[in-house]
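Here is a briefing on one protein chain. Please look over the fold first, then the contacts.

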Amino acid sequence: MGDSASPRVIRSIIERPGVHVMQLSQLEAYLRKYQDLDRVVIPMGSFDLGKNMPAGDLDLVASSVELVARADLHPAISDLLLETMREVHGRPSLLQRAGDFPTAREHDLPLSADAKRYYQSGKRWLYRELPFWAASLADRFLMVLLPLVLLLVPVFKLIPTIYTWRIKQRLYRVYGALLTLERDVVDHAAEDRGALLGRLDAIERRAEALKLPVTFADQFYVLRDHIAGVRRRLMTLAAERQLP
C-alpha cells in the first residue's frame, strides 16, 4: 500500500473554507467490495496538536499502488526494486506505519514468485554477501554451470562402469583365444603340438602385455593359472596320444 496523497495536500484541502471531510458510514463495505482500496486513518490532532486538527480521527479511503513488472524480469532486478521501494517509501508517515509499503498483497495480478521469496526471506544469498556486479556475474555463471553439471553427473557416473567394461573386454579377448585353443588341443594335440604350443605362447604374451589396474590383479593371476592349466593339458594329451 502506498500514499495516494501527501499529508500536506490533505491538510490544505481540509483547511479550505466550506470544505468538510465526508466520513463513509459504509467504509468497511467499500473495502470488502473493492480489494484495491485501503483504509487510511489520520489521528485526531495529528496536523496541529495546539488547534487539535483534525478534531477527530478521520477515516479515509485511498487506492493501492501496485508495481507491475513483466514476467521475465530478472530476479536480481526485482530484488533491487523492492529493496529501493522499502528504503524510500517504507518509513512511517502520517498516512502509513513502518513497513506498510511495499507489502505482499495481490489484487488483479498475481504476486510473482520472486516477490514472494523476497518478502519471506529477503534478497538471495549471493546478493546479500557480494556486491551487485559480482553477485550478478556469479549468478549468470551458475545459471550456465548448473545445467551443465546436471548433464555431466550421469556421464561421470558412467565413466567407472565404461572403464571397467573396457578392462574386462581385454581379459575376455584373451580368454576367447584361450578357449578356442583348448578346443583345438582336444582335437589335434598329437598332430599339431608345435603349432598349438606356439599359439599358446602367443596368448601368454598377450596376457603378460595387458596393462591392468591393481584392482584387476586377482583376475590377471587367474588368467595366468588358466593358461598354465591349458599348457599342462596340452602336454598331457600329447603324451598320451604318443603312447603305442
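The points below cover confidence, fold, strands, salt bridges, aromatic rings and surface.

This is a predicted model. The protein chain holds eight helices and two strands. Its mean pLDDT is 77, and 82% of the residues score at least 70.

**Confidence and overall fold**

- Mean pLDDT is lowest in helix α5 (residues 125-129), at 67, among the elements of the chain.
- Helix α7 (residues 193-209) has the highest mean, at 85.
- Read from the N terminus, the order of elements is α-α-β-β-α-α-α-α-α-α.
- The chain has 244 residues, and 24% of them count as buried.

**The strand pair and the loop after it**

- Strand β1 (residues 37-42) pairs with β2 in the antiparallel sense, over six bridges.
- In that pairing, V40 stands opposite L60 of β2.
- The two faces of β2 differ in cover: L58, L60 and A62 form the covered face, while D59, V61 and S63 form the uncovered one.
- V68 sits in the loop that runs between β2 (58-63) and α3 (75-89).
- V68 has a relative accessible area of 57%, over the 50% cut-off, so V68 is exposed.
- The C-alpha atoms of V68 and S112 are 9.7 Å apart, with the two positions 44 residues apart in sequence numbering.

**Salt bridges**

- The whole structure contains five salt bridges.
- R233 and E182 form one of them, with their closest N and O atoms 2.8 Å apart.
- This pair links distant parts of the chain: R233 is in helix α8 (residues 217-241) and E182 is in helix α6, 51 residues apart.
- Both partners are partly exposed, R233 with a relative accessible area of 38% and E182 with 24%.
- D201 and R231 form another, and here the closest N and O atoms are 2.9 Å apart.
- D201 belongs to helix α7 and R231 to helix α8, so this pair ties together parts 30 residues apart in sequence.
- D201 is partly exposed at 28% relative accessible area, and R231 is partly exposed at 25%.
- R224 and E208 also form a salt bridge, with a closest N and O distance of 3.4 Å.
- That pair again links distant parts of the chain, R224 in helix α8 and E208 in helix α7, 16 residues apart.
- R224 counts as partly exposed at 36% relative accessibility, as does E208 at 42%.
- Salt bridges with shared partners join D201, E204 and R231 into one network.

**Aromatic pairs**

- There are two aromatic pairs in the structure.
- In the pair of F220 and Y221, the ring centres are 5.5 Å apart and the planes meet at 70°, so the pair is edge-to-face.
- F220 is buried, because its relative accessible area of 14% is under 20%.
- Y221 has 48% relative accessibility, so Y221 counts as partly exposed.

**Nonpolar surface patch**

- A nonpolar patch of about 830 Å² lies on the surface.
- The residues that make the patch are F141, L142, L145, L148, V149, L152, V153, V155, F156 and I159.
- L152, one of these residues, lies in helix α6 (residues 132-188).
- L152 has 32% relative accessibility, so L152 counts as partly exposed.

Note on methods: Residues numbered from 1 in each chain as written. Predicted model: local features only at pLDDT ≥ 70, side-chain atom pairs only at ≥ 80, totals over all residues. Heavy atoms only, no water. Helix = DSSP H or I, 4+ residues; strand = E, 2+ residues; numbered from the N terminus. Buried < 20%, exposed > 50% of the residue type's maximum accessible area, 1.4 Å probe, protein only. Pairing = 2+ DSSP bridges. Phe/Tyr/Trp six-rings, centres within 6.5 Å; stacked < 30°, edge-to-face > 60°. pLDDT = per-residue confidence, 0-100. Patch = residues over 30% accessible without salt bridge, like charges linked within 9 Å, V, L, I, M, F, W, Y side chains within 5 Å. Areas by Shrake-Rupley, 256 points an atom, 1.4 Å probe, with all protein chains shown as cover. Salt bridge = Lys/Arg side-chain N within 4 Å of Asp/Glu carboxyl O.
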